[in-house]
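Subject: Structure for you to look at

Hello,

Here is the structure I said I would pass on. My notes on what was found in it follow below.

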Amino acid sequence: MHTRPTVPRPLATLVGVLLTATIVTAALPPSADEVMNITRKVADWQIRTFDDQGKFRALPTKPQKWQNREKRHDLTWHNGALYAGMFRWSLIAGDAKYKDWLIEIGDRHGWKLHERPYHADDHTVGQFYLDLYQQTREPKMLEPTKKHFDWILANPQSGTLDMKENGREAHKRWGWSDALFMAPPVWARLARVTGEKKYLDFMDREYRATHELLWDKEKHFFLRDSTYFEQRETNGEKIFWSRGNGWVFGGLALMIPDLPTDWEKRRFYTDLFTQMAAALKKHQRADGTWSMGLLGGGEAYPVKETSGTAFFVFGLAWGVNHGLLDRDTYTPVILKGWRALTDCVTEDGMLGYVQPVGAAPGDSFPDFTEVYGSGAFLAAGAEMVDFLRKTPRRP
C-alpha cells in the first residue's frame with residue numbers, strides 16, 4: 001500500500017499560492033498595450049514584405065519560411081481588405097507611417113477603382129479612399145469613385161444573381177457572399193460623405209437581393225453562392241464557409257456606422273448583425289477559432305484557420321464597443337478568439353494559418369499567409385484595443 005507523502009503546511013501553502021497566481025495570470029485578458037504591440041508587429045511585417053508577395057512558395061522538397069501564391073495588383077480585393085484593416089489600425093497607432101503608406105498606394109493609382117466596372121471585388125479599395133477623404137477632404141480621393149458609381153447608377157444591371165444560372169451575370173451584381181464586404185461599405189460611405197441618398201438606396205436594393213438569395217433563416221449564416229444550395233458537410237449540415245461569412249460580418253461592422261441613425265431601413269442591418277453574432281457564439285470551437293465550414297466541426301476541419309476568425313473577432317468586438325452586443329455575453333468569445341489569433345502570429349509578425357484564395361472551406365497551413373488575413377487581423381487588433389480599455393482586467 002502506497003501513501004501520499006505529506007507536504008509541510010508552509011510549503012503546501014506556498015505551492016497553492018503559486019498555482020493560484022499562475023492560473024489567475026493565465027486567465028487575465030491581454031492589456032491594451034499588449035494588443036497594440038502585436039498588432040503593430042503584424043502591420044509592420046505586412047508593409048515590409050508587401051512587395052515580396054509571391055516570392056516565397058511552398059515546394060515539397062524545399063519548405064519556405066512563409067508563402068503565398070502570387071503578387072497581387074495593388075487594387076485587387078485581396079489588398080483592399082488589407083487597406084481596410086490598415087486604415088483602422090492607423091487611427092490608433094500613434095504613427096503617421098501607416099496612413100502615409102495608404103496615401104502612397106492611392107496616389108500611385110490616381111485613386112481609381114480596379115478594372116472591372118461592375119465587379120464588387122474591384123470596388124473594395126474605395127473603402128480606404130473614402131476613409132482618407134473624410135480625414136483630408138482632398139477631392140482626388142473622392143472623385144474617381146463617385147464618377148464610377150454614378151456611371152453604374154446610369155447603367156444598372158438587372159441580370160441574375162444565381163451562379164448556377166449564369167455566373168458571368170451574377171458577378172455583375174452581388175451574387176456571392178464575399179461581395180457584401182467588397183462593395184456595400186463603399187456605397188454607404190459615399191452616401192455619407194456626399195449626402196446623396198441615391199447611393200444608399202442602390203446599396204440597400206442590391207444587398208437585400210443577395211440576402212434574399214443566400215441567407216439561411218434557420219442557421220443565420222450565408223451560403224457562399226447558389227451553387228451551395230444542395231451541398232453538404234460530411235455530417236450532413238449545410239456548408240457555410242467561415243471566411244465567406246466573415247466577409248459579411250466584417251462588412252456589416254464597417255458599414256453600419258455610415259448608415260443614418262434615422263434611416264428607416266437601418267434596423268434590417270443591425271438585426272442581421274446581431275443574429276449572425278448569436279450564431280457565431282454558438283459555433284465557436286474550443287480552441288477559440290471557427291471551423292472553415294462553420295457547421296462541419298473539428299473532425300471535418302482539424303486545422304485552425306485565421307482569416308474567418310479574425311473577421312469574427314473584429315465584428316464581435318466592434319458590436320460590443322458600439323452597444324449592439326452585450327459585453328458580459330460576448331467577452332469570453334472575443335477573448336478566446338483573440339488568443340487563438342495571436343497564437344498564429346510568428347515572431348517576425350506574419351499571421352499564419354490563413355486559408356488561401358478560394359470560394360469554399362479548404363486547407364490552411366502554419367506558414368501560409370495572405371494580405372486579406374493580415375487586414376482582418378489589423379481590424380480586429382484596432383477594435384480590441386478599444387474593447388480592452390473598456391473591459392475590467394480581471395480573470
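**Notes on the model**

W290 is buried, with a relative accessible area of 1%. This is a predicted model, and the residue sits in the loop between α12 (266–283) and α13 (297–300). Setting aside neighbours within four places in sequence, W290 is in contact with S242, L280, H283, Q284, R285, T309, F312, V313, L316 and V333. One of these, T309, is 19 residues from W290 in sequence and 5.8 Å from it in space, C-alpha to C-alpha. With L280 there is also a polar contact: the W290 side chain reaches the backbone oxygen of L280 at 2.8 Å.

**The chain as a whole**

The chain contains 16 helices and zero strands. It has 395 residues, of which 54% count as buried. Among contacts in the chain with a separation of 6 or more, 69% are between residues 24 or more positions apart.

**Helix α9 and what packs on it**

I spent some time on α9 (residues 184–194). This helix is mostly covered, with nine of its 11 residues buried. The buried ones are P184, P185, V186, W187, A188, R189, L190, A191 and V193. They pack against α5, α6, α8 (179–182), α10 and α11 (242–255). Just after α9 comes G195, which has a positive phi near 75 degrees.

How do α5 and α9 lie relative to each other? Their axes are 9 Å apart and the packing angle is about 20 degrees. An angle under 35 degrees counts as roughly parallel, and α5 and α9 are therefore roughly parallel to each other. The crossing of the two is left-handed. On the α5 side the contact involves G126, Q127, L130, D131, Y133 and Q134, and on the α9 side P185, V186, R189, L190, R192 and V193. By class, the α5 contact with α9 comprises six nonpolar, three polar and three charged residues.

The packing of α6 (143–154) on α9 has another geometry. Here the axes come within 11 Å and cross at roughly 110 degrees. Angles of 65 to 115 degrees count as roughly perpendicular, so this description applies to α6 and α9. This crossing, too, is left-handed. T145, K146, F149, I152 and L153 of α6 make the contact with V186, W187, L190 and T194 of α9. Those residues divide into six nonpolar, two polar and one charged. V186 and L190 of α9 appear in the contact with α5 and again in the contact with α6.

**Two buried residues in helices**

T210 is found in helix α10 (residues 197–214). T210 is buried, with a relative accessible area of 0%. A polar atom of its side chain lies 2.5 Å from the backbone oxygen of W174. Beyond its neighbours within four places in sequence, T210 is in contact with L161, W174, W176, L180 and W215.

V320 is placed in helix α14 (residues 307–321). Its relative accessible area is 6%, and V320 is buried. Leaving out neighbours within four places in sequence, its contacts are L325, D326, R327, Y330, I334 and F387. V320 and K390 are 70 residues apart in sequence, and their C-alpha atoms are 9.9 Å apart in space.

**Backbone points to check**

Most residues other than glycine have a negative phi. Two residues are listed here for that reason. R137 has a phi near 60 degrees, a positive value in a residue other than glycine. R137 lies in the loop between α5 (126–136) and α6 (143–154). Is R137 buried, partly exposed or exposed? With a relative accessible area of 47%, R137 is partly exposed. A residue must be over 50% to count as exposed.

Y353 also has a positive phi, of about 60 degrees, although it is not a glycine. Y353 is found in the loop between α15 (327–342) and α16 (371–389).

Regards

How values were computed:
Residues are numbered from 1 along each chain as its sequence is written. This is a predicted model: local features need pLDDT of at least 70, side-chain atom pairs count only at pLDDT 80 or more; totals for chains, interfaces and linings use all residues. Side-chain values use heavy atoms; hydrogens and water are left out. Helices (H or I, at least four residues) and strands (E, at least two) are DSSP runs, numbered from the N terminus. Buried means under 20% relative accessible area, exposed over 50%, partly exposed in between (1.4 Å probe, protein chains only). Axes are lines fitted to C-alpha atoms, for helices over the stretch in contact, and angles run from 0 to 180 degrees between N-to-C directions. Angles under 35 degrees count as roughly parallel, over 145 as roughly antiparallel, 65 to 115 as roughly perpendicular and the rest as oblique. A crossing is left-handed if the near helix is turned anticlockwise from the far one by less than a right angle, and right-handed if clockwise. Contact means heavy atoms within 4.5 Å. Ala, Val, Leu, Ile, Met, Phe, Trp, Tyr, Cys and Pro count as nonpolar, Asp, Glu, Lys and Arg as charged, and the others, Gly among them, as polar. A polar contact is a pair of N or O atoms within 3.5 Å; within protein, one must be able to donate a hydrogen and the other to accept it, and residues adjacent in sequence count only if both atoms are side-chain atoms.
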